[in-house]
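Let's walk through this structure together, from the whole chain down to single residues. Keep the 3D view open and turn it as you read.

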Amino acid sequence: MNLITEIMPSLINGLQTTLGLFFIIVVVTIPFGFLVACVRVYAPKWITWIIQVYIYVMRGTPLLLQLMVVFFGLPLVGITFDRFAAAVFTFIINYTAYYAEIFRGGILSVPNGQFEAIKVLGIGRVRGFIKIIIPQVMRVVLPSVGNEVISLVKDTSLIYILGLGELLRAGQIAANTYASLVPYAAVGIIYLIITGLVTLALNAIEKKSNY
């Protein structure tokens, strides 16, 4: 208990960084992913091709490598980020690609008859898309979006490569300092608590959407 009391302030500081990154990425990437999916589905072919290449690169290379390229590689061409900004930018472009594919699948799952009915009834393309299509898409994609959100909780630990004091790095430093596995156990419990809370929130959202 004394060891846990001593290491808790450093773990809390690391947790603040982890949660800050998590909330920024969730708030930004889900809307961006939906917009990219819409562009890929409805835009001209040459724009669709560019988006396909972007998604292929983001999904085909490790997130850890992308972090290293953004922070250590981009300064070579004159683009410099501080550590946290580099983490935010990398996570945004990575997770936006994943969400874009999820939302694209959701959009394509809506029968074409729905779009034709909107046109015949004179509802209007934009209004019909917002009021009729999007609710159906959201219900389809929620489980997959939830899985990505939970993965994001764990992926935030990768920012240790940039030297940021996130939760796992704080636990690693404490474990090396006190030559004990207790800090790792504490970090694991904190991650489980965060994941549990996120899962409960996602389940509540999914249940509410099943109308």
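Of the 211 residues of the protein chain, 38% count as buried. Please keep in mind that what you see is a predicted model. Its C-alpha atoms fill a box of roughly 70 × 45 × 20 Å when taken along the principal axes. The protein chain holds eight helices and zero strands, so its elements, read from the N terminus on, follow the order α-α-α-α-α-α-α-α. Look also at how the chain folds back on itself: among contacts between residues at least 6 apart in sequence, 77% join residues at least 24 apart.

The database record helps with orientation. In an unreviewed UniProt entry, the annotation "domain: ABC transmembrane type-1" covers residues 15–202. In the model, this stretch is 82% helix and 0% strand, and its end C-alpha atoms are 21 Å apart. The unreviewed entry also carries the annotation "transmembrane region" for residues 20–43, 63–81 and 184–205. Two of these spans are worth tracing from end to end. Residues 20–43 are 96% helix and 0% strand, with end C-alpha atoms that lie 34 Å apart. Residues 184–205 are 100% helix and 0% strand, and here the end C-alpha atoms are 32 Å apart.

Now let's see how some of the helices meet, beginning at the N-terminal side. Helix α1 spans residues 2–42 and helix α2 spans residues 45–60. Their axes come within 8 Å and cross at roughly 135°. That angle makes α1 oblique to α2, and α1 passes α2 in a left-handed crossing. On the α1 side, the contact is made by Val36, Val39 and Arg40; on the α2 side, Ile47, Thr48, Ile51, Gln52 and Ile55 take part. Sorted by class, this contact of α1 with α2 has five nonpolar, two polar and one charged residues.

Follow α2 onward to its meeting with α4. Which way do these two helices lie, roughly parallel or roughly perpendicular? The axes of α2 and α4 come within 9 Å and cross at roughly 115°. That makes α2 roughly perpendicular to α4, because angles of 65 to 115 degrees fall in that class. The crossing of α2 and α4 is left-handed. From α2, the contact draws on Tyr54, Ile55, Met58 and Arg59, and from α4 on Ile93, Asn94, Thr96, Ala97, Tyr98, Ala100 and Glu101. Its classes are seven nonpolar, two polar and two charged residues. You may recognise Ile55 here: this residue of α2 is in the contact with α1 and in the contact with α4.

Helix α4, residues 83–109, also packs with helix α3, residues 63–73. The angle is about 135°, with the axes 9 Å apart, and α3 and α4 are therefore oblique to each other. Their crossing is right-handed. In α3, the residues involved are Leu63, Gln66, Leu67, Val70 and Phe71; they meet Arg83, Ala86, Ala87, Phe89, Thr90, Phe91, Asn94 and Tyr95 in α4. By class, the contact has nine nonpolar, three polar and one charged residues. Asn94 of α4 appears in this contact with α3 and also in the one with α2.

Zoom in on one residue of this contact, Thr90 in helix α4. Is Thr90 buried or exposed? Its relative accessibility is 0%, so Thr90 counts as buried. Leaving aside residues up to four places away in sequence, Thr90 touches Leu63, Gln66, Leu67 and Val70, four residues that belong to the α3 side of the contact described above.

To finish, move along the chain to Ala175 in helix α7, which covers residues 167–178. Ala175 has a relative accessible area of 6% and is therefore buried. Which residues does Ala175 touch, not counting those up to four places away in sequence? They are Ser180, Pro183 and Tyr184. Ala175 also shows how parts of the chain that are separated in sequence come together in space: Ala175 and Ile7 are 168 residues apart in sequence, with their C-alpha atoms 9.2 Å apart.

Terms used
Residues numbered from 1 in each chain as written. Predicted model: local features only at pLDDT ≥ 70, side-chain atom pairs only at ≥ 80, totals over all residues. Heavy atoms only, no water. UniProt positions renumbered as here; feature names shortened; annotations may be inferred. Axes fitted to C-alpha atoms, helices over the stretch in contact; angles between N-to-C directions. Parallel < 35°, antiparallel > 145°, perpendicular 65-115°, else oblique. Left-handed = near helix turned anticlockwise from the far one by under 90°. Contact = heavy atoms within 4.5 Å. Nonpolar A, V, L, I, M, F, W, Y, C, P; charged D, E, K, R; others polar. Buried < 20%, exposed > 50% of the residue type's maximum accessible area, 1.4 Å probe, protein only.
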